[in-house]
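Dear colleague,

I am passing this structure on to you, and below it you will find an account of what turned up in it. Please keep the sequence and the 3D view open while you read.

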Amino acid sequence: MAAKKSKTGKGKPGKGTGKKPSPPVKEEPKDAAVLLSPAERVAAVRPMWEQRPHSERVELLTVDIVTLQQQARAQADKQRATAAAEGGDLVEYAPLDVPLEEVLAEGLRRLSSKDTWKVWQFDGLEFYDSDAFRAHVTQQRLSPQLLRLLPKEDPKAPERPAEAALRQRMTDLLQAVQNSGRQGAEEQQA
């Protein structure tokens, strides 16, 4: 049997017309600047940041504890008001959240008594140092089979290239911070 010749353009619409459907058009977001990667954001802000004097940088990065406590109280009041407006209780509104005010107060107490705000809670114990926490976990929780798989750190081992590069970058950064501190002190004296 001979194959039938098809007539183009005739038949059911959408079938056999030879045209492929066009792909959907992607719309660009309106706030494209908001979608920058972290590295791009840093690169965009770095020139402005480097133009500022040291004292102004310190001022921008400094947070007053009293202001922070006031903001924590305001946030707690806002949560209570929202819970009351919804006709619920604060416990129902945020059953797992500890009010920010309490977290801040606890962190400040820990800072004054332990010289750190950090804490790791595990097995009903509190650890204020990451090394103590790691030691507890490895001694109390890891089986001997898993302990054999952990890498052994040799203090006499040669430094890896990545570690050497990091150490150099940190030294350079420390030097730059000290130099900018000296410049800031000289500007204040002048």
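**Salt bridges and a helix pair**

Before anything else, please bear in mind that this is a predicted model, and that the values below were computed from it.

Let me begin with the charged side chains, since the structure holds 7 salt bridges, and I will describe three of these, including the one between E50 and R46. In that pair the closest N and O atoms are 4.0 Å apart, and a salt bridge is counted when a side-chain nitrogen of Lys or Arg lies within 4 Å of a carboxyl oxygen of Asp or Glu. Where do the two residues sit in relation to one another along helix α1? They are 4 residues apart in this helix, which spans residues 38-51, and so they are separated by about one helical turn. As for the surface, E50 has a relative accessibility of 49% and counts as partly exposed, and R46, at 45%, is likewise partly exposed.

The second pair is E56 with R52, whose side chains meet in a salt bridge with an N to O distance of 2.3 Å. Here E56 is partly exposed at 29% relative accessibility, and R52 is partly exposed at 28%.

The third pair lies in helix α6, which covers residues 130-140, and it joins the side chains of D131 and R134 at 3.1 Å, N to O. These two residues are 3 residues apart, and therefore about one helical turn separates them. Are D131 and R134 exposed or only partly exposed? D131, with a relative accessibility of 46%, counts as partly exposed, whereas R134, with a relative accessible area of 51%, is exposed, because the exposed class begins over 50%.

Turning from side-chain pairs to the packing of helices, please look at helix α3 (residues 65-85) and helix α5 (residues 100-114), which pack with their axes 7 Å apart and at an angle of about 150 degrees. Angles over 145 degrees count as roughly antiparallel, so α3 is roughly antiparallel to α5. Which residues make the contact? From α3 they are I65, L68, Q69, A72, R73 and A76, and from α5 they are L100, E101, L104 and L108. When the residues of this contact are sorted by character, 7 are nonpolar, 1 is polar and 2 are charged.

With best wishes

Key: Residues numbered from 1 in each chain as written. Predicted model: local features only at pLDDT ≥ 70, side-chain atom pairs only at ≥ 80, totals over all residues. Heavy atoms only, no water. Buried < 20%, exposed > 50% of the residue type's maximum accessible area, 1.4 Å probe, protein only. Axes fitted to C-alpha atoms, helices over the stretch in contact; angles between N-to-C directions. Parallel < 35°, antiparallel > 145°, perpendicular 65-115°, else oblique. Contact = heavy atoms within 4.5 Å. Nonpolar A, V, L, I, M, F, W, Y, C, P; charged D, E, K, R; others polar.
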